Amino acid sequence: MTERLIRAGDVRLWSEDRGDPAAPPVLLIAGDCQSARFWPEEFVAALVPPP
């Protein structure tokens, strides 16, 4: 798993790479000022199984 912080002007975005790099990407976007911790681990694992 690779984590990175991306800066674009005053905006900071956190990203995490999981699963098979050759698989299609999955993008989860949480609104209302929620962090990435909003997504239950079981939900993420069902979408992106380990390689």
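This report covers the salt bridges of a predicted model.

**Overview**

The structure holds three salt bridges. The table lists each pair with its N-to-O distance.

| Pair | Closest N and O atoms |
|---|---|
| Arg4 and Asp17 | 3.1 Å |
| Glu16 and Arg18 | 2.7 Å |
| Glu41 and Arg18 | 2.7 Å |

**The strand pair**

Arg4 bridges to Asp17, with their closest N and O atoms 3.1 Å apart. Arg4 sits in strand S1 (residues 2-8) and Asp17 in strand S2 (residues 11-17), so this contact ties together parts 13 residues apart in sequence. Both ends are neither buried nor fully open to solvent by the accessible-area classes: Arg4 is partly exposed at 38% relative accessible area, and Asp17 is partly exposed at 36%.

**The Arg18 network**

Arg18 takes part in a salt bridge with Glu16 and in another with Glu41. Glu41 belongs to helix H1 (residues 41-47), while Arg18 lies in the loop between S2 and H1, so their bridge ties together parts 23 residues apart in sequence. Through shared partners, Glu16, Arg18 and Glu41 are joined into one network.

How exposed are the members of this network? Glu16 is partly exposed, with a relative accessible area of 25%. Arg18 is partly exposed as well, at 27%. Glu41 is partly exposed, at 45%. The cut-off for buried is under 20% and for exposed over 50%, so a value of 45% puts Glu41 in the class in between.

Notes: Residues numbered from 1 in each chain as written. Predicted model: local features only at pLDDT ≥ 70, side-chain atom pairs only at ≥ 80, totals over all residues. Heavy atoms only, no water. Salt bridge = Lys/Arg side-chain N within 4 Å of Asp/Glu carboxyl O. Helix = DSSP H or I, 4+ residues; strand = E, 2+ residues; numbered from the N terminus. Buried < 20%, exposed > 50% of the residue type's maximum accessible area, 1.4 Å probe, protein only.
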